[in-house]
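User: Got a minute to go through this one with me? I'd like to talk about sheets, pockets and the core.

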Amino acid sequence: MPIISYYESVEDPGTGEITYNSPVGLPTPAEVRRRWCFGLPLTDQYGQPMDDRDILSYLMMAVKDTERHLGIFLKPTVICCNVESRGLEQGEEYEVEEPPYDYDAQRWQNFGFLQLRQRYVSKLEAFKLVAYGGQVSVDFMHYPDWTKLYKKSGQLHVVSKSGGVPMLGGYPSGYNTAPFAAPLLSRTPQVFHVDYTAGLTKEQLSEDIRAVVGKQAAIATLGVAGTAVLEGVSNYSLSLDGVVESVQTTASATNSTYSAHIKQLQQEVDSFFDPKTGGARTKMRGFTMGGI
């Protein structure tokens, strides 16, 4: 699958002006100005406007922060294993490297599927059972009827059918441990080689996720812009006898020009991720449970 970038730049041939758009539907610098910084000049005290490249960098930080909170990619992302031995180039042929998956006989018999590390899988690129010598025991892509992919949960089920590779001889049709029982020990690390594409498509990127990315970018934008303009005046005094003038501004360690707007946006972002109210991560990935 071709790699899709988060953002692309477009240059106007007439004016040479550069604008930014998102092929995956994320907020753009122009949208941050229009929606979450509406009516605010975003200029310094000399009237110089903030560059869209700066807002774009804040957007990328917001995208990565949102991905960490949600545990999912916000765009279709190409994931491959063993990239060095295969000579794959990052940014051209893959984006994220993962180690191959382990085989555990007990786990497979109990659950009957591989749990991929990423959710919202849009496409399975490669799925092989590879022995330590490098030989491919089973290339499951040659048997598409065997694999059942649950895209949102990232679960990859395998149910063999009659016929096929010799190693399956003697196992009944539909017996889900058949593809693995013959050549493996009860626990064998890194034998399932899986390449896949995971992450939200443009159609799956909901408006609330877009909004939280834009709000986080606006918080960073306003924090910088607020220090570049003159603060408000909270107190002013003039003594004519001694010709003394005193001006007290609203600036402080916790108060800046846009501090009220920043505080409101931050509360909305915190509420979106707050696990006490269900949490966006739970909505996107389900409950995460662990034990000791």
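Analyst: Sure, let's take the sheet, then the pocket, the core and a hairpin. Keep in mind that this is a predicted model.

User: Okay, in what order do the strands of the three-stranded open sheet come?

Analyst: The order is β6-β10-β9, and the pairing is antiparallel. The strands at the edges are β6 (113-115) and β9 (147-150); each has a single partner strand, so one side of each has no neighbour in the sheet. From one strand to the next, the twist averages 20°.

User: How many bridges hold β6 and β10 together?

Analyst: Three bridges, with β6 and β10 (residues 155-158) paired in the antiparallel sense.

User: And what stands opposite F113?

Analyst: That would be H157, in β10.

User: Switching to pockets. What's the volume of the largest one?

Analyst: About 460 Å³. It is lined by 15 residues, and the closest to its centre are Y101, R107, F113, L114 and Q115. So F113 turns up again: it faces H157 across the β6 and β10 pairing, and it is also among those residues closest to the pocket centre.

User: Which elements supply at least two residues of that lining?

Analyst: β5 (101-104), α4 (105-111) and β6 each do. The most comes from β5, which gives four residues.

User: How does the lining split by class?

Analyst: There are eight nonpolar, five charged and two polar residues.

User: Now the core. How many residues are in the largest nonpolar one, and which have the most contacts inside it?

Analyst: It has 39 residues, and those with the most contacts inside it are L26, V32, L70, L74, L200 and I209. Helices that each supply at least two residues are α1 (29-36), α2 (52-70), α6 (207-226), α7 (259-273) and α8 (280-285). The largest share, nine residues, is from α6.

User: Why would nonpolar side chains be buried together?

Analyst: As a general tendency, that's what they do in soluble globular proteins.

User: Last topic, the hairpin. How do β7 and β8 run, parallel or antiparallel?

Analyst: Antiparallel: strand β7 (residues 121-130) is joined to strand β8 (residues 136-139) by three bridges. V130 stands opposite V136 in β8.

User: What about the residues between the strands of that hairpin?

Analyst: There are five of them, and G134 takes a positive phi near 100° in this hairpin.

Key: Residues numbered from 1 in each chain as written. Predicted model: local features only at pLDDT ≥ 70, side-chain atom pairs only at ≥ 80, totals over all residues. Heavy atoms only, no water. Pairing = 2+ DSSP bridges. Axes fitted to C-alpha atoms, helices over the stretch in contact; angles between N-to-C directions. 1 Å grid on protein atoms, 1.4 Å probe; cavity = no way out; pocket = protein on both sides within 12 Å on 5 of 7 lines; lining within 4 Å. Points joined across faces, edges and corners; volume = space filled by probe spheres on them. Nonpolar A, V, L, I, M, F, W, Y, C, P; charged D, E, K, R; others polar. Core = buried A, V, L, I, M, F, W, Y, C linked by side-chain atoms within 4.5 Å. Buried < 20%, exposed > 50% of the residue type's maximum accessible area, 1.4 Å probe, protein only.
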